[in-house]
Amino acid sequence: MLKDFKAFISKGNALGMAIGIVIGAAFTSVVNSLVNDIIMPPLGLLIGNVDFANLFVSLNGVHYDTLKAAQAAGAPTINYGLFINNIISFFIIAFSVFLIIKMVTKYIPLEPKKPATKECPYCLSAIPEKARKCSQCTSDLSQNGETGLSE
């Protein structure tokens with residue numbers, strides 16, 4: 001098990017994963033700031049001076065002016081404004097990841113897939129890779145490379 005762990009570490013998988021987690025955490029804080037500080041205030045203003053962070057329903061029936069006041073009083077709340085903020089954050093992160101992947105795949109060529117077919121040495125037609133007999137000319141194709149015409 002220690003040998004497997006050493007091989008895992010030496011391949012760079014753990015380092016790449018750690019870098020991805022750190023960058024992801026930093027990216028999340030940037031996106032949260034973008035949503036909470038840049039996008040939501042103008043959106044709330046357009047809707048009619050609404051602060052999405054303070055949109056909530058108090059389940060105990062008492063009215064509270066802010067979510068902080070309700071939480072300080074220990075009131076159970078449904079915080080649908082924070083949920084809206086998180087949905088917007090999710091879509092921004094998903095769209096950003098989509099753009100990054102699209103950009104990376106444009107500049108980094110992926111390994112071409114190995115064809116699932118091979119060429120018959122007699123009739124030159126495409127046949128499945130694991131075929132033992134050509135479906136076009138009925139030639140026998142053995143697994144060890146020897147071929148011979150069927151009778």
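Student: Which residues make up the largest nonpolar core?

Tutor: This is a predicted model. Nonpolar side chains tend to be buried together in soluble globular proteins. Here the largest nonpolar core has 6 residues in all. They are Val-31, Val-35, Met-40, Phe-52, Leu-55 and Ile-92.

Student: Which helix gives the largest share of this core?

Tutor: The largest share is 3 residues. The helix they come from spans residues 13–48. That is helix α2.

Student: What does Phe-52 touch, leaving out residues up to four places away in sequence?

Tutor: Phe-52 is one of the core residues. Its contacts include Leu-43, Gly-44, Ile-47, Gly-81, Leu-82 and Ile-84. It also touches Met-40, another member of the core. The remaining name on the list is Asn-85.

Student: Is Asn-85 buried or exposed?

Tutor: Asn-85 sits in helix α4. Its relative accessibility is 6%. The cut-off for buried is under 20%, so Asn-85 counts as buried.

Student: Which residues are in contact with Asn-85, leaving aside neighbours within four places in sequence?

Tutor: Three of the contacts are Val-35, Met-40 and Phe-52. Those three names also appear in the largest nonpolar core. The list is completed by Asn-36 and Ala-53.

Student: How many helices and strands are there in the protein?

Tutor: Start at the N terminus and read the elements along the chain. The order is α-α-β-α-β-α-β-β-β-β. The count is 4 helices and 6 strands.

Student: What percentage of the residues count as buried?

Tutor: The protein has 151 residues. A residue counts as buried at under 20% relative accessible area. The share of residues that count as buried is 17%.

Student: What share of the exposed area do carbon and sulfur atoms supply?

Tutor: The protein exposes about 11,800 Å². Carbon and sulfur atoms supply part of that area. Their share is 66%.

Student: Which residues form a nonpolar patch on the surface?

Tutor: Together the patch residues have about 800 Å² of accessible area. Helix α4, residues 80–107, gives the most, with 5 residues. The members are Val-57, Leu-59, Ile-78, Tyr-80, Phe-83, Ile-87, Phe-90 and Phe-91.

Student: Why does Phe-83 count as exposed?

Tutor: Phe-83 lies in helix α4. Exposed means over 50% relative accessible area. Phe-83 counts as exposed because its relative accessibility is 52%.

Student: What is the geometry of the aromatic pair formed by Phe-90 and Phe-91?

Tutor: The structure holds 2 aromatic pairs. In the pair of Phe-90 and Phe-91, the centres are 5.4 Å apart and the planes make an angle of 65 degrees. Both residues are exposed. With a cut-off of over 60 degrees, the pair is edge-to-face.

Student: Where is Leu-59 found, and which residues does it touch beyond four places in sequence?

Tutor: Leu-59 is found in the loop between β1 (57–58) and α3 (67–72). At 52% relative accessibility, Leu-59 counts as exposed. The C-alpha atoms of Leu-59 and Thr-77 are separated by 5.5 Å, although the two are 18 residues apart along the chain. The residues touched are Pro-76, Thr-77 and Ile-78.

Student: What is the phi of Leu-124?

Tutor: Most residues other than glycine have a negative phi. Leu-124 is not a glycine, yet its phi is positive. Leu-124 is found in the loop between β3 (117–119) and β4 (126–128), and is exposed, with a relative accessible area of 54%. The phi is about 65 degrees.

Student: Where is Thr-138 found?

Tutor: Thr-138 also has a positive phi, near 60 degrees. Its relative accessible area is 39%, which makes Thr-138 partly exposed. The place is the loop between β4 and β5 (140–141).

Student: What distance separates the C-alpha atoms of Thr-138 and Tyr-122?

Tutor: Thr-138 and Tyr-122 are 16 residues apart along the chain. The distance runs from one C-alpha atom to the other. That separation is 9.6 Å.

Key
Residues numbered from 1 in each chain as written. Predicted model: local features only at pLDDT ≥ 70, side-chain atom pairs only at ≥ 80, totals over all residues. Heavy atoms only, no water. Helix = DSSP H or I, 4+ residues; strand = E, 2+ residues; numbered from the N terminus. Buried < 20%, exposed > 50% of the residue type's maximum accessible area, 1.4 Å probe, protein only. Areas by Shrake-Rupley, 256 points an atom, 1.4 Å probe, with all protein chains shown as cover. Core = buried A, V, L, I, M, F, W, Y, C linked by side-chain atoms within 4.5 Å. Contact = heavy atoms within 4.5 Å. Patch = residues over 30% accessible without salt bridge, like charges linked within 9 Å, V, L, I, M, F, W, Y side chains within 5 Å. Salt bridge = Lys/Arg side-chain N within 4 Å of Asp/Glu carboxyl O. Phe/Tyr/Trp six-rings, centres within 6.5 Å; stacked < 30°, edge-to-face > 60°.
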